[in-house]
Structures are given as C-alpha cells and as structure tokens.
Amino acid sequence: MSKVQVMDHPLIQHKVNYIRRKEVGSKEFREIVGEIAALMCYEATRDLKLQDVEIETPICKMVGKELSGKKLAVVPILRAGLGMVDGMLSMIPAAKVGHIGLYRDPETYEPVEYYCKLPADCDEREVFVVDPMLATGGSSVAAIQMLKEKGVKHIRFMCIIAAPEGVERMQKEHPDVDIYIGALDEKLNEHKYIIPGLGDAGDRIFGTK
C-alpha cells in the first residue's frame, strides 16, 4: 500500500491555513502556493538516494554526497498544477517538466484528457505529479494511469489539500504511488468540492471565475 504523508511542518500548516482565507487575492495566493510547493518538495524528497562523489574544494580534495540514480521530473495536472511548478523547481532546478491536461465533465464529474506532453526520458525519471487539490481523485488517478501507460514506473503525487475520499480512491487505484499532502480536510460536499477547502484553486491562482 502506498505511503500517505500529511505534512506536519509548522510553516506548511501556517501557509496552507493562510491561503484558505477568501480575502487572499490571486497574486498573494499564487506566491504562497509556490512557497508551499517548495516546502513540500523539501519534505517529499527526504528519501532520495545519495552517492559518494570526489570533488575538490579551494583547500583540498574530499568525498561528498550528491543525488544518485534516477533524475527527477515534475508533471503538473493543468491548469491548477502549474501553480506548484516554480516552487518545485526552486528546490530541484535540474528537473524536467511535463504537462497533463484534464478537465472534469460537469455531468459525470469524470476526467477527460485534452493534453499530454512529457520529457522524452520520463520513463527513466522519478516523477512528481502535482495538483493543489485532491478531491474525488478522478483527475489524479487518470493522470497517473496515463503516465503508467507511457512507461513511467516511479511516481509520487503531491497536493496541498486533500479529501479523504480522494486519498482512498488513489490508494485503491494506484497502491504503488506515495501521496504527499499539505492538509487533509474533512470531506467532499454534494458538488464534489473539498470542505472546508479553499475554493477552486485554478480560479484563485489565475484570477478567473
């Protein structure tokens, strides 16, 4: 079964709580989403493997540590996931970025794919799929399925706010994908919005309604 980590870092909790406020405007909301993504990336990469490497400082030679093995990729689910990319890249600037476009059918609430563009070597990378909200789990389950069909084997999922229903569906459909969550909320309402949540993350990031 996948690992589910709800972030307990005080800075993450503080910033998530701050952007829940309805009076926070899109510029501030967007900036803080990026900060949260960077802090979550720091926590979620704690178990990346290291290797010894010999370097030379201005004083002498030494053996230090650097990341080993697989390279990293960040794949946002459009459009709201874009808000997390710069924060992730501030921590792992060498990562490549792919994009998956899904929208939720207003009748069925099921995801419909409209775009997918991934780095050519994505199947060799450790891929972080990012989306601010994990509500029903439909979009994230579909996006991860798309990645698996394209040969990606090492996938992690990162969101700022999740509902228990979405976490449960993700674990059922993709038990091999670890999930990193900024805050785990109470439930979904009848319109499939997270309660208490923060509204529509995409609208708040981009200032649309």
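## Close-up views of a predicted model

**View 1. Cysteines without a disulfide.** The count of disulfides in this predicted model is zero. A disulfide is a covalent bond between the sulfur atoms of two cysteines. To count here, two cysteine sulfur atoms must lie within 2.5 Å. Look at Cys41. Which cysteine sulfur is closest to the sulfur of Cys41? That sulfur belongs to Cys159, and it is 14 Å away, too far for a bond. Cys41 is buried, as its relative accessible area is 1%. Cys60 is partly exposed, with a relative accessibility of 41%.

**View 2. The largest pocket.** This pocket has a volume of about 650 Å³. Its lining is made up of 29 residues. Which of them lie nearest the centre of the pocket? They are Arg104, Asp131, Met133, Ser139 and Asp200. Several elements give two or more residues to the lining. The strands are E4 (71-78), E6 (99-104), E7 (111-117) and E9 (133-134). The helices are H4 (138-149) and H6 (201-206). Sorted by class, the lining holds 15 nonpolar residues, seven polar ones and seven charged ones.

**View 3. A salt bridge between Asp185 and Arg20.** The structure has ten salt bridges, and one of them joins Asp185 to Arg20. The closest N and O atoms of this pair are 2.7 Å apart. The two residues come from distant parts of the chain, 165 residues apart. Arg20 belongs to helix H1 (residues 10-20). Asp185 sits in the loop between strand E11 (178-184) and strand E12 (187-188). Is Asp185 buried or exposed? Asp185 is buried, because its relative accessible area is 8% and the cut-off for buried is under 20%.

**View 4. A salt bridge between two strands.** Here the side chains of Asp52 and Lys65 meet, with 2.8 Å from N to O. Asp52 is in strand E2 (residues 50-56), and Lys65 is in strand E3 (residues 61-67). The salt bridge therefore ties together parts of the chain that are 13 residues apart in sequence. Both partners count as exposed. Asp52 has a relative accessible area of 52%. For Lys65, the relative accessibility is 60%. The cut-off for exposed is over 50%.

**View 5. A network of salt bridges.** The side chains of Glu126 and Arg156 form a salt bridge, 2.8 Å from N to O. Glu126 is in strand E8 (residues 125-130). Arg156 is in strand E10 (residues 154-162). The pair links distant parts of the chain, 30 residues apart. Both Glu126 and Arg156 are buried. Which residue joins Glu126 and Arg156 in a network of salt bridges? It is Asp47.

**View 6. Ile19 and Val129.** Ile19 lies in helix H1. Its relative accessibility is 0%, so Ile19 counts as buried. Now find Val129, 110 residues from Ile19 along the chain. What distance separates their C-alpha atoms? They are 21 Å apart.

**View 7. The annotated region.** An unreviewed UniProt entry carries the annotation "domain: Phosphoribosyltransferase" for residues 6-208. Over these residues, the chain is 32% helix and 33% strand. The C-alpha atoms at the two ends are 29 Å apart.

Definitions and conventions. Residues are numbered from 1 along each chain as its sequence is written. This is a predicted model: local features need pLDDT of at least 70, side-chain atom pairs count only at pLDDT 80 or more; totals for chains, interfaces and linings use all residues. Side-chain values use heavy atoms; hydrogens and water are left out. Buried means under 20% relative accessible area, exposed over 50%, partly exposed in between (1.4 Å probe, protein chains only). On a 1 Å grid over the protein atoms alone, a cavity is a set of points where a 1.4 Å probe fits but cannot get out, and a pocket is an open set with protein on both sides within 12 Å along at least five of seven lines; lining residues have an atom within 4 Å of a point. Grid points are joined across faces, edges and corners, and a volume is the space filled by probe spheres set on the points. Helices (H or I, at least four residues) and strands (E, at least two) are DSSP runs, numbered from the N terminus. Ala, Val, Leu, Ile, Met, Phe, Trp, Tyr, Cys and Pro count as nonpolar, Asp, Glu, Lys and Arg as charged, and the others, Gly among them, as polar. A salt bridge is a side-chain nitrogen of Lys or Arg within 4 Å of a carboxyl oxygen of Asp or Glu. UniProt positions are given in the numbering used here, feature names are shortened, and annotations may be inferred rather than shown by experiment.
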